[in-house]
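Biologist: Here is the model I would like to go through with you. Please reason from the computed values and end each reply on what was asked.

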Amino acid sequence: MQQQMGNIPELEGEKITIAVYEFTDKTGQRQPAQQVASLSTAVTQGAEVWVIKSLQDVGNSSWFEVVERVGLDNLVKERQLIRNTRENYGVDDSSLQPMLFAGLILEGGIVGYDANVVTGGAGARYLGIGVNTEYRVDTVTVVMRVVSVNTGRVLISVATEKTILSTRTGANLFRFFDMGTELIETEAGMSANEPVNYAVRAAIEAGVIEIVYEGEQKSLWQFKEGMRNGENDTSSVSNSSNG
């Protein structure tokens with residue numbers, strides 16, 4: 001995914017100023033737990049950090065100028081503190097530059113977390129020696145849209161999905177010795193769970209890539225002449241778009 005983001009052609013013209021206010025978890029899902037009530041959420045509550053990071057990295061940082069909006073209250077308070085301090089002490093306030101405003105807003109969120117979409121496994125035992133393997137597939141769904149500040153119109157809307165794979169393998173030994181008077185039993189295993197945070201990040205990055213290509217197809221922006229390298233290949237992430 002990082003390679004695909006770096007291979008996007010450069011933007012024709014100046015960077016696009018875009019704002020990200022929030023990118024929330026809209027699933028309401030809690031982490032799965034056995035026989036106890038879990039208060040931990042299934043997905044991250046700070047997905048906007050991955051959105052901002054993806055916008056800054058796409059096309060080798062040649063596409064978007066991201067302005068701070070998640071911590072806007074803190075930014076405004078700090079600027080007001082600077083103004084008040086300079087006014088009280090008679091210091092020139094001209095060095096404080098005006099804040100950038102964005103022509104586009106990127107909104108959306110994590111809209112789905114489906115657990116146990118696919119489960120399965122296999123095992124075998126012979127002469128008291130056995131092996132087994134199990135797997136589980138979860139799916140996280142992310143929706144992103146680009147909104148025009150000038151008109152309020154939704155210019156682009158995309159949806160991406162990423163699967164989360166969990167696997168477990170084990171082996172066991174069960175044998176009797178000395179006419180059945182002694183018994184030995186051993187068991188070993190290993191499990192691997194793909195991090196949910198990684199899946200969310202991959203889905204967001206795939207969404208940003210789709211936004212760039214769909215915006216070019218809709219003539220919202222253009223690739224630098226002679227640099228278009230064909231449609232993006234997001235084979236590792238299933239995605240769909242809704243204009």
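**Burial, salt bridges and a surface patch**

Modeller: In this predicted model, E48 has a relative accessible area of 15% and is buried.

Biologist: In which helix does E48 lie, and which residues does E48 touch, not counting residues up to four places away in sequence?

Modeller: The buried label follows because 15% falls under the 20% cut-off. E48 is placed in helix α2. Leaving out residues up to four places away in sequence, its contacts are V20, F23 and V70.

Biologist: How many salt bridges does a search of the whole structure find?

Modeller: Side chains of opposite charge can pair when their charged atoms come close. Searching the whole structure for salt bridges gives a total of seven.

Biologist: How many residues apart in sequence are the parts that the pair E10 and K224 ties together?

Modeller: The side chains of E10 and K224 form a salt bridge, at 3.0 Å from N to O. E10 is in the loop between α1 (2–6) and β1 (16–19), and K224 is in the loop between α4 (196–217) and β8 (238–241), so the pair links parts of the chain whose separation in sequence is 214 residues.

Biologist: Is E10 buried, partly exposed or exposed, and what about K224?

Modeller: The partly exposed class lies between 20% and 50% relative accessible area. E10 has 32%, and K224 has 32%. E10 is therefore partly exposed, and K224 is likewise partly exposed.

Biologist: How far apart are the closest N and O atoms of D57 and K53?

Modeller: D57 and K53 both sit in helix α2 (residues 48–61), four residues apart, which is about one turn of the helix. D57 is partly exposed at 22% relative accessibility, and K53 is partly exposed at 37%. The two form a salt bridge, with a closest N to O distance of 3.5 Å.

Biologist: In the salt bridge of K218 and E214, which residue counts as buried?

Modeller: The side chains of K218 and E214 meet at 3.2 Å, N to O. K218 has 36% relative accessibility and counts as partly exposed. At 9%, which is under the 20% cut-off, the buried residue is E214.

Biologist: About how much accessible area do V117, V118, Y135 and L165 have together?

Modeller: Y135 belongs to strand β5 (residues 129–148) and is partly exposed, with a relative accessible area of 38%. With V117, V118 and L165, Y135 forms a nonpolar patch on the surface, and their accessible area together is about 330 Å².

Note on methods. Residues are numbered from 1 along each chain as its sequence is written. This is a predicted model: local features need pLDDT of at least 70, side-chain atom pairs count only at pLDDT 80 or more; totals for chains, interfaces and linings use all residues. Side-chain values use heavy atoms; hydrogens and water are left out. A salt bridge is a side-chain nitrogen of Lys or Arg within 4 Å of a carboxyl oxygen of Asp or Glu. Helices (H or I, at least four residues) and strands (E, at least two) are DSSP runs, numbered from the N terminus. Buried means under 20% relative accessible area, exposed over 50%, partly exposed in between (1.4 Å probe, protein chains only). Contact means heavy atoms within 4.5 Å. Patches are made of residues with over 30% relative accessible area and no salt bridge: like charges are joined within 9 Å, nonpolar side chains (Val, Leu, Ile, Met, Phe, Trp, Tyr) within 5 Å. Accessible areas come from the Shrake-Rupley method with a 1.4 Å probe; for residues, only the protein chains shown count as cover.
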